[in-house]
Amino acid sequence: MPTVTINQKSLTVPEGTTIIQAAEQLNIEIPRYCYHPGLSIAGSCRMCLVEIEKMPKLQPACNTRVTDGMVVTTQSPKVKEAVSGVLEFLLINHPLDCPVCDQAGECYLQEYYMKFGLHDSRMNENKIKRHKAEVIGPHVILDTERCVLCSRCVRFVREVSRSHEIGIFNRGGQSEIRLLPDQVLDNNYSGNVVDICPVGALTDRDFRFQCRVWYLSKADSVCNGCSRGCNITVEANRQRAHHGEGRRVMRLKPRFNKEVNRWWICDIGRYGYKFIDDPSRLIQPLEKQGDELEPLDWSTAAERAVGRIREAKQRGGAGSIVIVASPQLTNEDLFVTRKFFGVDLGIDQIDFRIPDKNTLSDDDFLLRADRNPNTRGAEAILLDGGGFDLQRIIESASTQSFGLLYLCEQDLVKKLGSEPARRFLGQFDYVIYQGSNENETSGLANLVLPAATYAEVNGTFTNFEGRVQRIHAGIEPLGDSLPAWRVICKLAQTAGFDYGYESAAEVFVELAQTVTEFEGLSYEKIGSEGMKLPETQPVPA
Amino acid sequence: MPELALLTHVQHRNLMTVEEYRQTGGYEALRKVLLEMKPDQVIEEVKKSGLRGRGGAGFPTGMKWSFIPKNSEKPKYMVVNSDESEPGTCKDRVIIEKTPFLLLEGIAISSYAVGSSTCYLYIRGEYYDQAMILKQAIEDAYRHGFLGKNILGSGYNLDVYLHRGAGAYICGEETGLLESLEGKKGWPRLKPPFPAISGLYGCPTCVNNVETLAAVVSIIQNGGDWYAALGTPKNGGTRLFCVSGHVKKPGTYELPMGIPLRSIIYDYAGGMKDDRKLKAVIPGGSSVPILTADEIDVKMDFDSVAAIGSLLGSGGVVVINEDTCMVKALLRIARFYAHESCGQCTPCREGTTWLKKTLQRVYEGDARQAELDQVLSIAFNMMGTTICPLADAAAMPVRSYIQKFRHEFEYHVQHKCCDVKPAVRI
């Protein structure tokens with residue numbers, strides 16, 4: 001393995017490592033526009049030029065492999081001069097419209113100018129006029145005057161999305177990113193070109209002009225859009241409530257995870273966050289009075305719920321109660337659900353599987369047909385008893401009547417269709433709906449308990465491969481809503497079971513001690529990249 | 001008349017058919033190679049000859065061939081660069097027009113030497129007539145068994161495909177050419193890997209200029225030592241010098257390497273037209289640093305021209321007289337390179353356009369004197385920072401013209417007109 005010295009620091013790296021990769025490991029910043037670890041090497045922006053001993057010309061760090069004994073510097077006058085020269089070239093025709101540019105604050109022209117430029121402008125010519133603010137797809141807008149022609153977006157549509165919508169047209173100073181004839185940048189990964197654009201050339205139509213990036217707080221999370229569990233950052237505006245029509249979550253960005261999504265997320269996931277600040281959010285407990293739902297405070301609501309559960313149990317036994325949990329809930333939520341309803345109340349009719357009439361499919365990249373983030377977790381936590389089959393009850397359309405349904409975060413009307421959903425709900429004397437947003441199903445419930453969304457809670461999801469990954473609350477639960485596990489704890493406390501959990505972390509400790517598949521896991525072990533469940537024995541039939 | 005290696009038999013006529021070509025000893029070298037020599041022996045002979053690439057860079061041809069892997073699972077390609085895009089250059093054209101089979105014989109010998117059975121001949125789009133000549137010549141060679149299967153009963157096969165470019169300067173750069181040949185935009189490739197390892201379609205590829213390949217024939221005929229002796233040490237053979245500009249007899253002259261520039265201008269090109277005074281000479285195509293009238297005693301070989309800070313380049317000798325405005329001349333060149341930059345690398349894409357715009361203002365007298373130094377600094381920042389040498393090609397003339405003829409540039413800035421008489425108001 002070759003040993004390289006960069007700025008007097010030495011490092012031994014595997015064969016084939018490039019200088020830019022080695023420098024990253026040494027925490028030495030080499031500026032770059034065209035280089036992106038997820039794309040092929042273009043070597044054209046010329047920002048990463050470095051000086052290598054015994055080589056007369058500066059070399060691009062992105063395309064130069066380390067050899068044993070190589071001595072590299074990024075600090076010589078020659079390198080500094082070349083890099084600031086390249087930066088000057090990039091800026092001469094740039095419109096310098098930072099005050100109205102969405103990229104300001106996360107723009108690598110700004111960033112590198114402060115670090116490697118700081119030259120005075122000596123451009124005395126008229127700047128080249130180009131296409132501005134062109135809508136090139138449902139999610140992306142293009143400003144070719146701001147473009148540095150790094151070709152990351154072009155390589156992305158060639159190599160990652162393989163959708164080939166854009167290219168560089170013309171040559172020399174007239175070069176421009178354009179849509180190919182009769183093409184629209186419309187593929188399920190189009191939002192990623194905004195992430196990888198180092199400047200303000202490609203901006204996100206959804207985020208554009210909603211909030212300055214320096215007002216955003218960031219929380220590591222996991223997309224709830226499908227069972228892939230792409231790692232994301234939830235970016236929320238907590239300082240300027242009047243921006244973005246009062247929305248708190250302003251955007252989701254992909255977060256690198258080598259094992260799951262690398263640098264990318266799909267557009268369905270990326271733009272699927274709107275429900276979090278939607279007016280349909282449930283922000284207080286509600287109870288049906290006649291045709292209307294009337295607000296309640298939490299202690300009254302909890303008493304009402306527990307009272308109805310006790311009543312149903314007394315009248316028809318545990319068998320008259322059905323609990324429908326949700327693969328949208330965290331492992332912690334599901335564990336407390338199982339503990340209260342299953343263990344402490346002895347209800348064994350617990351399931352989460354609702355047949356969905358809307359058939360969804362995988363794409364051949366990240367998106368999975370199962371649009372729930374925690375199906376695997378729900379299977380591990382709720383189904384290890386086996387036995388109960390909700391689907392059979394739903395599909396048999398029996399006339400059997402039940403006492404009470406406790407339904408979590410599932411819009412039955414949407415999934416089953418209006419008639420089957422109403423028929424199923426009609427089999428129950430009393431329906432409690434626990435969820436984050438109002439929907440047709442919640443409107444049919446007798447009691448509605450408001451739950452927080454995934455962006456508002458700490459916890460874990462288990463993706464389809466059995467990878468347990470942590471999510472962190474980026475914002476507070478809206479209104480009086482509570483994390484689902486806290487809702488259940490409230491009911492449990494009212495029913496006389498005090499679990500004493502202070503945090504999701506404490507729930508997880510007990511989960512790991514109780515559920516076989518999670519044995520040995522802890523938040524520390526899961527870390528920021530997640531950890532796979534140990535291979536488990538198949539449940540004997 | 002000195003001894004020739006290329007245009008020996010075509011001083012007074014052209015050899016346009018296989019029969020005519022064979023009457024002058026044509027295809028004897030190929031026969032010798034295929035029936036008596038091993039590929040390595042051919043390479044050794046070419047190494048001995050001191051032949052250096054005639055495209056402009058002057059890389060030793062034998063050494064280039066020896067970089068092609070001997071044992072390759074992939075096919076190996078020979079690619080002929082006939083893009084001839086450097087302004088001031090018209091030598092490949094002369095070979096094609098006068099003796100196309102010399103090129104085809106050179107191609108066959110060279111392809112055999114590097115172990116290739118497929119050759120692509122890339123010719124600039126503007127050379128339509130020349131492409132038609134080659135098309136006919138290739139067909140003729142196939143008919144006579146000098147191309148195709150089992151050439152001269154040797155078991156060696158070679159196919160030659162003619163491909164016309166679409167008129168971009170940058171497609172004369174070998175990797176830009178390969179991209180273009182593959183049907184892509186002519187963007188030079190990042191190196192490494194070099195074409196010898198991964199060239200056309202990712203296979204080992206040897207790219208040679210027309211003049212280089214034509215020279216191989218006489219090297220085989222007469223031996224490497226004979227060829228080397230024609231020129232100067234490390235600069236074997238003869239060179240086609242394309243003399244244009246203010247001379248009495250512009251034209252393409254085959255002369256030995258190392259001949260003094262003065263001799264080219266005065267002994268062969270007939271001296272200055274209308275007996276005007278010589279002001280400057282571009283020795284090797286528009287991209288090389290210009291020489292002043294005081295520098296024409298230089299020997300025209302790669303090393304001697306480099307020693308005085310210019311380049312022998314493509315052999316395009318442009319002679320400039322005292323009536324020429326050097327500001328206008330430079331502006332013309334700057335416009336060319338701004339137009340021809342492929343736009344891939346930042347310094348070239350932005351720098352060529354910036355230089356063009358500022359030089360336009362200098363020419364019009366609408367610039368400050370300090371901007372002359374700024375132009376030099378822009379040119380400096382472009383040099384050595386890009387994937388291919390186009391940025392250098394644009395920057396080198398700028399630097400040399402302003403350094404050597406600074407007073408003319410200052411005159412423009414100060415007086416809004418030329419100091420070349422008769423003065424023309426701009």
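**Exercise 1. Place A:Arg178 in this predicted model.**
Find which side chain the side chain of A:Arg178 meets in a polar contact, and then describe the surroundings of A:Arg178.

*Solution.*
Step 1. The side chains of A:Arg178 and A:His131 make a polar contact at 3.2 Å.
Step 2. Locate the residue in the fold. A:Arg178 sits in strand E9 of chain A, residues 176–179.
Step 3. Set aside neighbours within four places in sequence. A:Arg178 then contacts A:His131, A:Glu134, A:Thr144, A:Glu165, A:Ile166, A:Gly167 and A:Phe169.

**Exercise 2. Size the interface.**
State how many residues each chain brings to the contact, and what area chain A and chain B bury between them.

*Solution.*
Step 1. Count residues. Chain A gives 33 and chain B gives 37.
Step 2. Take the area. The two chains bury about 2800 Å², with 52% of it on carbon and sulfur atoms.
Step 3. Find the main contributors. A:Phe89, A:Arg122 and A:Arg171 supply 27% of the area that chain A buries against chain B, more than any other three residues.

**Exercise 3. Sort the polar links and the chain A side.**
Say how many salt bridges cross the interface of chain A and chain B, and which elements of chain A each supply at least two residues.

*Solution.*
Step 1. Two salt bridges cross the interface. One of them joins B:Glu340 to A:Arg171, at 3.1 Å from N to O.
Step 2. Polar contacts link 19 residue pairs between the chains, both residues being at pLDDT 80 or more.
Step 3. Helix H2 (77–92) and strand E8 (166–169) of chain A each supply at least two residues to the side touching chain B. H2(A) gives the largest share, eight residues.
Step 4. By class, that side has 15 nonpolar, 11 polar and seven charged residues.

Terms used. Residues numbered from 1 in each chain as written. Chains lettered and ligands numbered in written order. Predicted model: local features only at pLDDT ≥ 70, side-chain atom pairs only at ≥ 80, totals over all residues. Heavy atoms only, no water. Helix = DSSP H or I, 4+ residues; strand = E, 2+ residues; numbered from the N terminus. Polar contact = N/O pair within 3.5 Å; in protein donor to acceptor, adjacent residues only side chain to side chain. Contact = heavy atoms within 4.5 Å. Buried area = accessible area lost by both parts, 1.4 Å probe. Salt bridge = Lys/Arg side-chain N within 4 Å of Asp/Glu carboxyl O. Nonpolar A, V, L, I, M, F, W, Y, C, P; charged D, E, K, R; others polar.
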